[in-house]
Amino acid sequence: MVKTRGLIEARKKLGNVDRIIDNMLRKKKKIKIFESGCGYGRLIMDLVLKYGNRIDVVGMNFKKNHGGLEKMISNALKEKIILKEELKKIKLPKIIYGDAGEKIPLKTGSIDLVLSQTSVYLYKNKMNFFREVGRVLTKEGVGLITYPGSKKIPKEFQPLLKIYKKGKQISFDSFIKSFKNIRLFKNKEGWPAIEIKKANFDFGLELEAAINVNHLDKKLFGVQSIYYVK
Ligand SMILES: C[S@@+](CC[C@H](N)C(=O)[O-])C[C@H]1O[C@@H](n2cnc3c(N)ncnc32)[C@H](O)[C@@H]1O
């Protein structure tokens, strides 16, 4: 599992992250960024090095052994994106742990930018994660998230986000069309990504099942989440 994607990958997967941050920093002295599923923290490190103390960053991983500050620093030193003597000068982020699909443990309306690349495909309750993103964002905030998909998962577990309405499967795209402040867009790699703005989403969905394919086959990674409209 790749855990070292940084700003270069984020630009391809999520859009022009730097331009969004630059625009936000024109209106605000300091902004708060949350990355869900930060892995070894390469993106966070790239952003901290670029924006210094104008950004406050919180990263989240599922478990401590998935990556923390130590891993972030050792990886940054190994990849030579920072020198040991420079470490003292940078403001290190906070890394928290838990299931972001259950709860993002941050205050309502406290985050200007939520980023998440290749992580939501591993969450059981993906729709609740989107609801949580809408909750933690500030009024002017934006959330950019890679759409939960994986080419490597067998057909019977695709798509990883399945929604049923009155006995028929409907696409995520058509489901979210009736909701404001959540939309799909095509990223530079030609894959769908999700943009979320401040909202108090009530999707009216029930999570019927979540199948972790990794439990069935250790070589595979992904969780299929099946919902129905209540
Ligand atoms: C494939 S790695 C990607 C890491 C990084 N974003 C990258 O692209 O290099 C997936 C990350 O998602 C995190 N993750 C998995 N399930 C999660 C959950 N339910 N809530 C929060 N983070 C989760 C893992 O801890 C892991 O760091």
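Visitor: Happy to be here! Which residue in strand 11 is the bridge partner of Ile163?

Guide: Welcome! This is a predicted model, and strand 6 (residues 161-165) pairs in it with strand 11 (residues 223-229) in the parallel sense over 4 bridges. In strand 11, Ile163 has as its bridge partner Tyr227.

Visitor: Which strands stand at the edges, each with a single partner strand, in the sheet with the order 7-6-11-10?

Guide: That open sheet is formed by 4 strands, and its pairing is mixed. One side of each edge strand is left without a neighbour in the sheet, because each has a single partner strand; the two are strand 7 (168-170) and strand 10 (205-212).

Visitor: And what does the twist average from one strand to the next there?

Guide: Let us take the order again: 7-6-11-10, in an open sheet. Going from one strand to the next, the twist averages 30°.

Visitor: On to the sheet of 7 strands. Which are its edge strands?

Guide: This sheet is open too, with mixed pairing and the order 3-2-1-4-5-9-8. Two strands pair on one side only, and these edge strands are strand 3 (94-97) and strand 8.

Visitor: By how much are neighbouring strands of this sheet turned against each other on average?

Guide: The order to follow is 3-2-1-4-5-9-8. With direction ignored, neighbouring strands are turned against each other on average by 20°.

Visitor: Which residue in strand 9 is the bridge partner of Val142?

Guide: Strand 5 (residues 137-146) pairs with strand 9 in the antiparallel sense, over 5 bridges. Within strand 9, the partner of Val142 is Lys197.

Visitor: What angle does the direction of helix 1 make with that of strand 5?

Guide: Begin with the pairing: strand 5 and strand 9 are antiparallel. Helix 1 (residues 7-14) packs on the sheet and touches strand 4 (111-116), strand 5 and strand 9; the angle between its direction and that of strand 5 is about 95°.

Visitor: And for helix 2, what angle does its direction make with that of strand 4?

Guide: Helix 1 touches strand 4 and strand 5 among its contacts on the sheet. Helix 2 (residues 17-27) also packs on the sheet, touching strand 1, strand 4 and strand 5, and its direction makes with that of strand 4 an angle of about 175°.

Visitor: Strand 1 keeps coming up. How many of its residues are buried?

Guide: Ile31, Ile33 and Glu35 point one way from strand 1, while Lys32, Phe34 and Ser36 point the other way, and all are buried. Strand 1 runs parallel to strand 2, with 6 bridges joining them, and Ile33 has Val57 in strand 2 as its bridge partner. Strand 1 is therefore largely enclosed by the rest of the structure, its buried count being 6 of the 6 residues.

Visitor: Which residue in strand 9 stands opposite Leu184?

Guide: Strand 8 (residues 182-186) and strand 9 (residues 192-197) are antiparallel partners over 5 bridges. Their hairpin has 5 residues between the strands, and there Gly190 takes a positive phi near 90°. Opposite Leu184 in strand 9 stands Ile194.

Visitor: Now helix 4. Within what arc do its buried residues fall?

Guide: The buried residues of helix 4 (residues 69-78) are Met72, Asn75 and Ala76. Seen down the axis, they line one face of the helix, because they fall within an arc of 100°.

Visitor: Which exposed residues does the face turned away from the buried side of helix 4 carry?

Guide: Helix 3 (42-51) is included in what covers the buried residues of helix 4. The face turned away from that buried side carries Glu70, Ser74 and Lys78.

Visitor: Is Asn200 buried or exposed?

Guide: Asn200 is found in the loop between strand 9 and strand 10. Apart from its neighbours within four places in sequence, Asn200 is in contact with Gly134 and Arg135. Asn200 has 9 C-beta neighbours inside 10 Å, so it counts as exposed.

Visitor: Last one: how many residues surround the ligand?

Guide: The closest to the ligand are Arg5, Gly37, Gly39, Asn61 and His66. The shell divides into 8 nonpolar, 11 polar and 3 charged residues. In all, the number surrounding the ligand is 22.

Note on methods: Residues numbered from 1 in each chain as written. Predicted model: local features only at pLDDT ≥ 70, side-chain atom pairs only at ≥ 80, totals over all residues. Pairing = 2+ DSSP bridges. Axes fitted to C-alpha atoms, helices over the stretch in contact; angles between N-to-C directions. Near = placed C-beta within 6 Å. Nonpolar A, V, L, I, M, F, W, Y, C, P; charged D, E, K, R; others polar. Buried ≥ 20, exposed ≤ 12 C-beta atoms within 10 Å, placed from the backbone. Arc of directions from axis to C-beta. Contact = placed C-beta atoms within 7 Å.
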